[in-house]
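Biologist: Please take a close look at one part of this model, the shell around the ligand. Start with the overall picture, then follow the chain outward from there.

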Amino acid sequence: MMRDAQPRTDSETGEVRVPIDLFDVDVHQGAGELVLTCGEARTLRDHLVGQLDIVTQVDDGASDGHGIPTSSSSKPSVMLEMLALSGLAPGERVFEIGTATGMNTAWMCERLGAENVTTMEYDERLFPDGRRNLRLAGYGPTVLVGDGLKGSPERAPFDVILATCALKVVPEALLRQVRDGGTIVAPFGTAFHSFSYLKLDVEDGRARGRFTGDPDFMWARQQRSRYAAVEDIYNGEDGTAGTTRVSPYELWHQGDTEFWIGLHVPGVWAQLHQAGEDAPGEATYWLLADDRKSWATVEFTEGGQEYATEQYGPRRLWSEVADAYRSWQDSGRPGRGEFGLTATAHGGQVWLREPTEVVATLW
Ligand SMILES: C[S@@+](CC[C@H](N)C(=O)[O-])C[C@H]1O[C@@H](n2cnc3c(N)ncnc32)[C@H](O)[C@@H]1O
């Protein structure tokens with residue numbers, strides 16, 4: 001899914017300016033932007049259509065939420081990336097978690113044959129739409145409604161289980177429903193950093209593999225984190241004041257750092273709130289906890305050497321995060337691609353470089 005990037009059209013020149021991180025291009029001009037003239041923009045639009053995800057539901061369909069996306073048709077490029085990762089070959093059997101519109105399911109039917117495709121959608125209101133879309137498009141996979149994290153024992157074993165929602169835990173039920181030598185592919189993460197794929201090879205009920213990619217998926221509904229806004233957790237309390245010499249920008253959107261912190265500080269996530277035009281160069285870095293009882297802030301000022309902190313609730317969130325940041329530095333600043341995960345019926349462990357070098361037990 002797309003993050004923070006928006007194409008802009010110049011009404012006088014007709015030029016379209018697109019942040020280049022929106023998609024892969026060989027040639028680009030300008031600082032971080034691809035600039036195209038009108039004729040080219042048509043091609044660009046075609047290209048962008050392939051690069052945009054379409055949100056089809058927010059807040060589980062409730063009308064009074066914060067507008068948090070809860071269902072979508074993923075970016076086609078992301079679907080293709082996942083299908084490539086899964087290594088699915090014609091005739092293999094797949095179980096997909098999260099049918100949504102049915103778009104990805106249809107692609108799998110084309111490749112594998114509909115009789116080999118089982119898909120499950122948890123949301124009872126979305127389920128009939130996905131099933132109808134697939135029928136109208138001429139595909140007849142098995143479309144089920146329910147909690148895909150429990151798999152589909154009746155249809156197992158599968159060659160591949162593909163989750164199209166992010167997991168924090170690989171459920172034991174899934175390990176049991178993949179054949180030996182089969183694969184589980186899922187967006188996977190922690191509250192602090194959820195932007196990785198896991199490709200796990202399954203053998204004897206044990207799944208093992210490495211972190212890769214940069215996907216941004218919504219959570220599996222039973223494993224949600226980060227499902228709140230500041231105002232749900234902060235009620236004007238005064239926290240314990242302090243200072244830090246760590247700038248929030250050493251952490252914010254720093255994938256390798258955030259990944260490590262997520263392993264060591266469970267159930268906590270960050271938001272950066274820019275102060276706006278009145279105070280350019282100022283920002284508040286919020287830390288919020290899934291327990292909805294703890295919060296912390298770091299007040300960033302450009303050019304500052306020391307930043308004011310506040311911490312409230314049973315957990316000292318900034319202290320936890322700063323400690324984890326220091327331990328990442330002390331460990332030689334490992335990159336996300338150096339980590340892997342082993343999941344068994346007994347739990348999930350993250351390791352660094354070799355499966356024997358366990359750095360965190362996640363469940
Ligand atoms: C990103 S959308 C799926 C996208 C779709 N497969 C595609 O590729 O376009 C995620 C979907 O997963 C569904 N979902 C979340 N948790 C689930 C669960 N435990 N079992 C089945 N579906 C789930 C959500 O309701 C949502 O429709």
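**From the whole chain to the ligand shell**

Modeller: The protein has eight helices and 20 strands. The model is predicted. Its mean pLDDT is 89, and 86% of residues reach 70 or more. One stretch needs care. Over residues 22-30, pLDDT stays under 50. For that stretch the model has 12 contacts beyond four places in sequence. Of the 363 residues in the protein, 38% are buried. Take the contacts between residues at least 6 apart in sequence: 52% of them join residues at least 24 apart.

Now the ligand. The shell around the ligand holds 26 residues. S71, G98, N104, G148 and T164 are the closest. By type, the shell splits into 12 nonpolar, 10 polar and four charged residues. Three elements each supply at least two shell residues: β5 (69-73), α3 (103-112) and β7 (117-121). Of the elements, β5 gives the most, with three residues.

Take β5 and what leads into it. The loop between β4 (54-58) and β5 carries H66. H66 is exposed, because 12 other C-beta atoms lie within 10 Å, and a residue with 12 or fewer counts as exposed. Even so, H66 has a partner far along the chain. A229 is 163 residues away in sequence, yet the two C-alpha atoms are 7.5 Å apart. Leaving aside neighbours within four places in sequence, H66 is in contact with D59 and A229.

Next, α3. This helix has buried residues at N104, T105, A106, M108, C109 and L112. N104 is also among the residues closest to the ligand. The cover over the buried residues of α3 includes α2 (76-86), β6 (94-97), β7 and α4. After α3 comes G113, with a positive phi near 90°.

That leaves β7. It appears twice above: β7 supplies at least two shell residues, and β7 is part of the cover over α3. β7 also pairs with strand β8 (residues 142-145), in the parallel sense, over four bridges. Between these strands, the chain passes from β7 through helix α4 (residues 127-136) to β8, and this β-α-β crossover is right-handed. One bridge joins T119 to V143 of β8. In general, side chains in a regular strand alternate between the two faces of the sheet.

For contrast, consider a helix elsewhere in the chain. Helix α7 (residues 255-264) is mostly covered, with seven of its 10 residues buried. They are T257, E258, F259, W260, I261, G262 and L263. Their packing partners are α8 (317-330), β19 (347-352) and β20 (358-361). W260, in helix α7, shows this well. It is buried, because 29 other C-beta atoms lie within 10 Å and the cut-off is 20 or more. Neighbours within four places in sequence aside, W260 is in contact with A324 and W328. P334 is 74 residues from W260 along the chain, with 8.4 Å between their C-alpha atoms.

To sum up the part you asked about: β5, α3 and β7 each supply at least two residues of the shell, and β5 gives the most. Behind them, α3 has buried residues covered in part by β7 and α4, and α4 lies on the right-handed path from β7 to β8.

Terms used:
Residues are numbered from 1 along each chain as its sequence is written. This is a predicted model: local features need pLDDT of at least 70, side-chain atom pairs count only at pLDDT 80 or more; totals for chains, interfaces and linings use all residues. A residue is near a molecule or strand if its C-beta atom, placed from the backbone, lies within 6 Å of it. Ala, Val, Leu, Ile, Met, Phe, Trp, Tyr, Cys and Pro count as nonpolar, Asp, Glu, Lys and Arg as charged, and the others, Gly among them, as polar. Two strands pair if DSSP finds at least two bridges between them. A crossover is right-handed if, with the strands pointing away from the viewer, the path from the first strand over the helix to the second runs clockwise. Two residues are in contact if their C-beta atoms, placed from the backbone, lie within 7 Å. pLDDT is the predictor's confidence in each residue, from 0 to 100.
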